[in-house]
Amino acid sequence: MKKVITGNHAVSFGAQCSRVQVISAYPITPQTQIVELLSEFCASGKLAAKFIKVESEHSAMAACVAASAAGARAFTATSAQGLALMHEVLHWAAGARLPIVLADVNRAMGPGWSVWTDQNDSLSQRDTGWLQFYCESNQEVVDTCLISFRVAEQIMMPVMFVLDAFVLSHTSEGVDIPEMALCDQYLPPYKPELKLDLADPRSFGALSNPDHYYEIRYKMQKAHEQALPVIKQAHEEFARVFGRTYGMTESYKCEDAELVLVTTGTITGTARVVIDSERTKGRRVGLLKIRLFRPTPVAELKAALLKVPKVAIIDRNITFGHGGIWTQEIKSALYDEPVRPKIFSYIIGIGGRDVTPADIQEIVDFTLAHDRPPAPIIWRGVRL
Amino acid sequence: MKWLEAEPPKIPVLERESDYPPMAVSLTTSLINRTGSWRIFRPIYDNKLPPCNAECPASERIQGYLDLMEQKRFLEGYQLILETNPFPSITGRVCYHPCEGACNRKEFDEPIGIHNIERFLGDYGLSRAPRPKPAVRRPDQVCIIGSGPAGMTAAWYLALKGYPVTILEAAAQPGGMLRLGIPEYRLSKAVLDKEFRKLKALGVKIKTNTRVGEKVKLDDLRRQFSIILFAHGAHQSRELGVPGQEARGVMSGLEFLAQINLGRRPRIGKRVAVIGGGNTAIDAARSALRLGAEPRILYRRTRAEMPAVADEVEEALREGIPIDFLCAPVRVIKSKGRVSGMELLRMKLGKPDESGRRRPVPVKGSNFRLKLDTVITAIGEQVDLGFLGADVPATGWSVSADRFGRTKLSGIYAAGDCVTGPKTVVEAIGMGRRAALAIDAHVTQQPIEEEKGSGVRGQGSKEIAQYVNINTAYFDHSARKAMPALDLKARRRNFKEVHLGYAQNDAVEESARCFSCGVCDRCDNCYVFCPDMSVLKKDEYYEYDYDFCKGCGVCAKECPRYAITMIEERQAK
């Protein structure tokens, strides 16, 4: 069924398509519409889920942890300070190997108080053990929700999928909401091997001494490694069932490129326009969109980037004292190769400042005009 | 405790780390971890004494019947009252309800309308409850002198226990002060008559017009009956003790009220002064008003010192009766042997006297006069001790007995105003019941029955649940239901009952305001809050699973009503 809906409502429909059983969320701009629509689904019976109201995001995630431990498919959504408040329980969800799915609407962290987009909220959760997908379009949002649950439940790890505040969350696009029969075919009911069970009460998450804790962490890393083929297979299966799909990374006009832009989220769509116009001008410029942040798709990054001389990474985030986070990740992924591209690291659009085709054009021109990056961080549009 | 009887399961040791589950989870049932052993404090269900119950002179289990009322179990509520007070239709009308003064809810908004609910239940049961029958018959004949609240209460409980009871009543109709002293507009004679029918149905014989010391002699009674209970009240009015008090048109308040109550219409003029600040004064003034007079009350102290029930004073003022405070009579002014006025003296308050109230002191030269047609004196009542045998122990003003009515003489008991001096109906009822318990204990050679506990179930602690113990987060503010009453116009020139009684819905809603202080009312809070699922439902109530209760105390903290106590583990048996 085709509908014109916002990115936020795409999240709600994605959760409905995934037949989530427990939703616990606390409203926060710009995520609020997600839970509004989900609560309506629950109230009207369109979705047979228990909607648990809570007083904070910490409790929202705690309720999801408990629901998931009891064997329910659990879902939540949040943004910025809300995600930060969940931080402790995000660790718990991953350590307890609970396949919870969370939609994060990327919003800049305060202060200064902001409701506009950047990626620091979700990227700050890098080390919690959660998988992370970044979405470009509303269709991708619906579809990624299904993919997230499928992957999460196969490897027993929680998954976060991310969309930009306002640029996606509040922007309407045509979306094909998949038929439930197809969704059910793609995402079977969740049946964990171990769960809270009154008939066989077990202690979950209890004290683990040094004899066991280390191995639990080892197995979490193994789960992330195992996730890469599982994600690949999940995308292939998605194509088979729904007739469209995505990748962990997606190349656009990269053949023969001498410069590849690396983008995430909605900047990708803007950059695509610039790439098209560059190509008509005959410049060999391509684009690599990255969807998967954790686990790092090292092989895909190498395959896409090692063959080009220059890479311009566009970071709508910053790890202070270092620089762009995607830059850091990509450099790390390519480090052990003997020949590596020159990497230009651009920081742009922080706190929701608009990123326009002209901005991207400037990045392209600047990169092509320089043999090597003049500085570890290249700021675009900072006003001083 | 199931697992305790069985061998605890062995925790398996797996060969390789990779065989263990990927998350921290026990390999066997978690029930082997008896977390109750971590406990240093344990919660116990421990009903306390609700302050209303503690305050009731008739030992009514008020919280218990409010609970039954809320559940619309009216007959059970009535019967619960009857365990300690046989006549709730009476107390539901005339009691000064100290329970409401003690009610913790008054700190929150307004006290529960206990008095009005008691009246509802009393009237409900009076016409519907099956007549009880004594289980046994006892040969020991009991004679009760006086059919007021103390006598009729003792008669009820003794008859219930199978004793043949005869009440001797000096007046033409039974009821003592209830009949003679309390006006119809406060206690309808129809209600009183019904209560007496209930008493007679139990086999109690009542001989009216039988004043002991006149037709019958006490010595004869003592030969005839093995048990005698004095319950003849305090019916002698104190005299003013001022010149002119013998004038026509001076009468005692009790005599005035008794005449009206026996269906006569005493002759009074327009200008009536009632001397005194007690309940008799208020009753006399309001009765005089209803006879068409223009009464005023003269009291030598101030409103704060008035012994009358505050509600009654309030009603008198609402009905337009002026009260002159700080004035005392000096003499009655006569004209041809009749009252024509009174000379009074202004008073001021001095140091507190033995009653704790500030003593009125005359203001020199402050004499003033009032023109009056009638003077009604209501400055206190005394006990008639004249007919008592020489050996019956008495002080100068009352019969000597303990709180169970036991005198120093075997087989001789006394209860009510004749022991305490003029007090209240509910105190007389309480003492009448205690005397019945003492008499039965004496005859059966058993110890006196324990006073009942707090709640509807079992014995409670003697600790009184205070307002600070109530978790008020669980209660919404709500207004007390007003008692419907006749408007002022409708009270003119008649003795119709002023208060009309709660409608059933109002009574139920009002009872639902009760905090149930200190007594579990099955609210499920402990059950819901327990993080260890160690609160188990047991019949209607709960019990702890101490194998797993860690003693965190959340249940006690979140109990809205202090029915759970945390005790040190080492104190637990």
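This passage walks through the predicted model of chains A and B, from overall layout down to single residues.

Chain B makes a good starting point. Its 573 residues include 44% that count as buried, and its secondary structure consists of 19 helices and 20 strands. Taken along the principal axes, the C-alpha atoms of chain B fill a box of roughly 120 × 55 × 45 Å. Contacts in this chain often link distant parts of the sequence: among those with a separation of 6 or more, 72% come from residues 24 or more positions apart. The domain assignment splits chain B into three parts, namely domain 1 (2-47 + 521-571), domain 2 (142-235 + 383-444) and domain 3 (238-380). Notice that domain 1 and domain 2 of chain B are each written as two stretches of sequence. Between the centres of domain 1 and domain 3 of chain B, taken over C-alpha atoms, there is a separation of 68 Å.

Chain A is assigned two domains, domain 1 (2-242) and domain 2 (249-379). Their centres, again taken over C-alpha atoms, are 28 Å apart. The contact between these domains of chain A draws 26 residues from domain 1 and 20 residues from domain 2. On the domain 1 side, the elements giving two or more residues are helix H5 (120-123), strand E6 (131-134) and helix H8 (213-242) of chain A. Of these, H8(A) gives the most, with five residues. Sorted by class, this side of domain 1 of chain A has 14 nonpolar, seven polar and five charged residues.

The two chains also touch each other. Chain A supplies 16 residues to their contact, and chain B supplies eleven. The side of chain B that touches chain A is made up of six nonpolar, four polar and one charged residues.

A look at pairs of elements brings the picture into finer focus. In chain A, the axes of helix H10 (residues 298-305) and helix H11 (residues 325-334) come within 9 Å and cross at roughly 85°. With that angle, H10(A) is roughly perpendicular to H11(A). H10(A) brings A:Val298, A:Leu301, A:Lys302 and A:Leu305 to the contact, while H11(A) brings A:Ile330, A:Ala333 and A:Leu334. By class, this contact has six nonpolar, no polar and one charged residues.

Helix H14 (residues 310-318) of chain B shows how one helix can have two contrasting sides. B:Val313, B:Glu315 and B:Ala316 are buried. These residues cover an arc of only 160° around the axis, so they sit on the same side of H14(B). The other side of H14(B) carries the exposed residues B:Ala310, B:Glu314 and B:Arg318. What do the buried residues of H14(B) pack against? Their partner is helix H13 (279-290) of chain B. After H14(B) comes B:Gly320, which has a positive phi, near 95°.

Helix H13 of chain B is also the place of B:Arg290. This arginine counts as buried because it has 20 C-beta neighbours inside 10 Å, and 20 or more is the cut-off for that label. Leaving aside neighbours within four places in sequence, B:Arg290 is in contact with B:Tyr185, B:Arg493, B:Asn494 and B:Phe495. B:Arg290 and B:Tyr546, by comparison, are 256 residues apart in sequence and 66 Å apart in space, C-alpha to C-alpha.

Finally, some backbone details deserve a friendly second look. Most residues other than glycine have a negative phi, and most peptide bonds are trans. In chain A, the peptide bond from A:Thr29 to A:Pro30 is cis, with omega near 5°, and A:Pro30 is found in the loop between strand E2 (22-25) and helix H2 (32-44). Another cis peptide bond joins A:Arg294 and A:Pro295, where omega is about -5°. A:Pro295 belongs to the loop between strand E12 (292-294) and H10 of chain A.

Positive phi values turn up in both chains. For A:Phe166, phi is near 65°, and this residue lies in the loop between strand E7 (159-164) and strand E8 (172-176) of chain A. For B:Gln445, phi is near 55°, and the residue lies in the loop between helix H16 (425-444) and helix H17 (504-511) of chain B. Are these two loop residues buried or exposed? A:Phe166 is buried, with 20 other C-beta atoms within 10 Å, whereas B:Gln445 is exposed, with 6 other C-beta atoms within 10 Å.

How values were computed: Residues numbered from 1 in each chain as written. Chains lettered and ligands numbered in written order. Predicted model: local features only at pLDDT ≥ 70, side-chain atom pairs only at ≥ 80, totals over all residues. Axes fitted to C-alpha atoms, helices over the stretch in contact; angles between N-to-C directions. Helix = DSSP H or I, 4+ residues; strand = E, 2+ residues; numbered from the N terminus. Parallel < 35°, antiparallel > 145°, perpendicular 65-115°, else oblique. Contact = placed C-beta atoms within 7 Å. Nonpolar A, V, L, I, M, F, W, Y, C, P; charged D, E, K, R; others polar. Domains from an automatic or database assignment. Buried ≥ 20, exposed ≤ 12 C-beta atoms within 10 Å, placed from the backbone. Arc of directions from axis to C-beta.
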